[in-house]
Amino acid sequence: MSSPGTSTSSSSGLRHRHAVLSEQSVYEQDQTQDDEHVGHIYQDPRKRNPVELALETPKGSAFVVAALTSLSFALRFYKINHPDQVVFDEVHFGKFAAYYISREYYFDVHPPLAKLLFGLAGWFVGFDGKFYFENIGDSYTDNHVPYVGMRALPAILGSLTVPVVYAIMKESGYSTVIAAFSALLVLFDNAHVAQSRLILLDAMLIFFMSLTIYSYIRFRKLRYRNFTIEWWTWLIATGTFMACTWASKVNGILTVFTIGIAVLIDLWDILDIKKGHSMEYFWRHFMARAIGLIAIPFILYLSFFYIHFSILTTSGTGDSFMSPAFQETLAGNDMLLNSHEIHYYDTITMKHKDSKVFLHSHVEKYPLKYDDGRISSQGQQVTGYAHNDTNNFWQIIPTKALPETGRGRIVRHHDVIRLLHVNTNSHLLTHDVASPLMPTNQEFTTWPKDDHTRYNDTTFQLVLVDGDEGSAWKTKSGHFRLVHVPTKVSMWTHSGQLPDWAFKQQEINGNKNPTERTATWFVNEIIADETGDDISDRMEQQPMKQPRKMNFFRKFAELQLLMLQHNAGLTASHPYASGPINWPFLISGISFWTQNDGQKQIYLIGNLIGWWACVIGLSIYVGVLGADLIARRRGMDPIPDPVRNRLWNNAGFFLLVWGIHYVPFFLMGRQLFIHHYLPSHLASALVAGAVLNFTLSETINYPISVADGSTRRRPKQYSDIGLKGPIIVVVFGLVLFSMFAYMAPLTYGTPGLTGEEVNSKRLLSTWTLHFAAKTVES
């Protein structure tokens, strides 16, 4: 059957396009089910192969999905109690679950949902939160940790991901056989199984991502039934699962970008005047998506952090990452309990916020000439010193008249002060002389107390971080910058060590940026008041302090900024880190756990056959689209319109999911590992299924969208891949399972392997497996 505007070439079999306009109205054309506008092959569904007919029935499909799900649970729960030790990043995420149970504040670069669920699972199975997962290899059994119940959560969600992948393909119009093929690629994948059996975040991330894809496809299938209850349900479901993906792990934001791009394409199509829609109609759709895919997900994302803050109310390991104002909201926090107002003439010690070194000075002088030939002032050295010492003592000297008593003697925000080094009786000074290690920064030194010729060079303005006018300077919580009045440099330090003439202590210098964030210090303690007496009496007069209140949105904004900064700062080298270009080809994996006794190990690596099949599928898909574009440019129609539309619209969406979850990693400078590719691997399995369907037949199931009363219906078309489809998928599934079983000792960490057996499992020379036997070349 030829569609309007096309004819069939008898010589080549390729259809050639002619510019024939349909008489159908623009509106009527839009109301036609447009996933396949025209069809060329319609057939009697009863003439398909009996095996395919049986599989396409509801009972046949239910049998297939039940088998896939059962196998998925079996593979992920098999020996889930082994090893009974802390494995890889369980050292982090198990610890965070313990903190929720003990309600101790912690800091992590990932959003809290998945960790909250681990905390809930731990509480549900009776974990008391007293085991802190300190080291890989620590025993769960010896410490009575109900770890199997905690591992069961990702195992359940990882198992359910397989039927969700099947459902995505079925809802996209693919046959049961093709849907099972995509599901098998995830079912028998060693990397997905290994991640799903441990207290790790990726299984939850991938589960929620797959539900987001499924919900969005269900939503798009209802595009002819706009604004119905079912349409709203799937729109909101998409937003809900998208928020859960985002809140499970920091790279879940890529799922948000994926749906955002797909929605922009959708809205751009609605905006097309040829569709016959009014601007009012467009704005209704825009607002609906803004509600379902922006407002509701953001509210949910906020709510997870609200729960996070509500549970973690006591001081913990994450305190030091947060601002003083945040820390004072935590019960038992050192800043809350030991933060005291500082008075003029108090003797104090000061620490750098990041490096934790004390501001220090001693009688030794800077050398006349540095190694690079520059000349110094030969003044007294001012350095950063990591240990308690009387040379860390500084007295605060006022530059203004003070009352004899009362609160007028408290040091406040923006006061101009001088700092007297107690042991050498000299004032802190900086001047326009290059520092020892950084010629662009100013040298810090001291000046004798009784010499007033350089008074101005010894004056500094106290700038409290987040301070208000009149705010009192306090120990612990009063983070500050010390800005030199004449030159406007900030007192700063860095990790560089001075040479032997300064005893390899840390350099202190003047940073020319007066607002430099890393030039932040705090007063560690008050040593004595102006009389030299102990100030314990002054401390005892203060009332018992209660945790302070802080606006939720301020806490949320502060934590989000810190998460981004620290995530970007994870740049240290790691023996199992790898680049994104290596991931699809399984060039290297990650050693999760080893045990010398029995030579057991868990090595995260995917199913080589499955991953390479996905790479081939991606390559074929891009090649087919490229060839189709070139052919159409030359007026040929090598692919029937229904098949083309399915390839571009549906498989194109899968490719978008793959690309958005993969390409951004090429732009990141942080540590990267192969498990970051697992969301993209799932998407590539969907693309591979679409490519297999295209390879086996030019037929598709049509229509798949839900029609309303005004939609002009097309005759039904059915995918017919014959008997060869089930045979290919069954054979491929057996091969996949064989590879999975062969690599299973590295996935489950049992049984132990001899050196020769380890060598045999090392399918690529780039895999770094433990306990390998040495090979001797003849």
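Let's start at one contact in this predicted model: arginine 548 and glutamate 328 form a salt bridge, with their closest N and O atoms 3.5 Å apart. Arginine 548 sits in the loop between α15 (536–540) and α16 (552–568), while glutamate 328 sits in the loop between α13 (324–327) and α14 (334–338), so this pair ties together parts that are 220 residues apart in sequence. The two partners differ in their surroundings. Arginine 548 has a relative accessible area of 43% and is therefore partly exposed, since that value falls between the 20% and 50% limits. Glutamate 328, at 8% relative accessibility, is buried because it is under 20%.

From here, look for a second pair that also links distant parts of the chain. The side chains of lysine 221 and glutamate 171 meet in a salt bridge, at 2.6 Å from N to O. Lysine 221 belongs to the loop between α9 (202–220) and α10 (229–248), glutamate 171 belongs to helix α6 (residues 147–171), and the two positions lie 50 residues apart in the numbering. Here lysine 221 and glutamate 171 are both buried.

For a pair in another setting, turn to aspartate 500 and lysine 504, whose closest N and O atoms are 3.2 Å apart in a salt bridge. Aspartate 500 reaches 56% relative accessibility and so counts as exposed, being over 50%. Lysine 504, at 46%, counts as partly exposed. Salt bridges can also join into a network, as they do among Asp628, Arg632, Asp637, Asp641 and Arg644. Across the whole structure, the search finds 21 salt bridges.

With these contacts in hand, step back to the overall layout. The domain assignment gives domain 1 as 52–309 + 584–761 and domain 2 as 337–529. Taken over C-alpha atoms, the centres of domain 1 and domain 2 are separated by 54 Å.

Next come the annotated stretches. An unreviewed UniProt entry places the feature "domain: MIR" at residues 339–399, 408–478 and 470–526. In the model, residues 339–399 are 0% helix and 41% strand, and the C-alpha atoms at the ends of this span lie 24 Å apart. Residues 408–478 are 0% helix and 38% strand, with 18 Å between the end C-alpha atoms.

Now let's visit an open space in the protein. The second largest pocket has a volume of about 1,000 Å³. It is lined by 45 residues, and the closest to its centre are Val109, His110, Asn567, Leu570 and Arg670. The elements that each give two or more residues to this lining are α4 (90–102), α11 (253–271), α16 and β15 (590–595). Helix α4 gives the most, with 6 residues. By residue type, the lining divides into 25 nonpolar, 14 polar and 6 charged. You have met α16 already: the loop holding arginine 548 lies between α15 and α16.

One last stop is arginine 197, found in the loop between α8 (190–196) and α9. Helix α9 is also familiar, as it borders the loop that holds lysine 221. Arginine 197 has a relative accessibility of 1%, so it counts as buried. The C-alpha atoms of arginine 197 and leucine 153 are separated by 8.7 Å, although the two residues are 44 residues apart along the chain.

How values were computed
Residues numbered from 1 in each chain as written. Predicted model: local features only at pLDDT ≥ 70, side-chain atom pairs only at ≥ 80, totals over all residues. Heavy atoms only, no water. Domains from an automatic or database assignment. Salt bridge = Lys/Arg side-chain N within 4 Å of Asp/Glu carboxyl O. Helix = DSSP H or I, 4+ residues; strand = E, 2+ residues; numbered from the N terminus. Buried < 20%, exposed > 50% of the residue type's maximum accessible area, 1.4 Å probe, protein only. UniProt positions renumbered as here; feature names shortened; annotations may be inferred. 1 Å grid on protein atoms, 1.4 Å probe; cavity = no way out; pocket = protein on both sides within 12 Å on 5 of 7 lines; lining within 4 Å. Points joined across faces, edges and corners; volume = space filled by probe spheres on them. Nonpolar A, V, L, I, M, F, W, Y, C, P; charged D, E, K, R; others polar.
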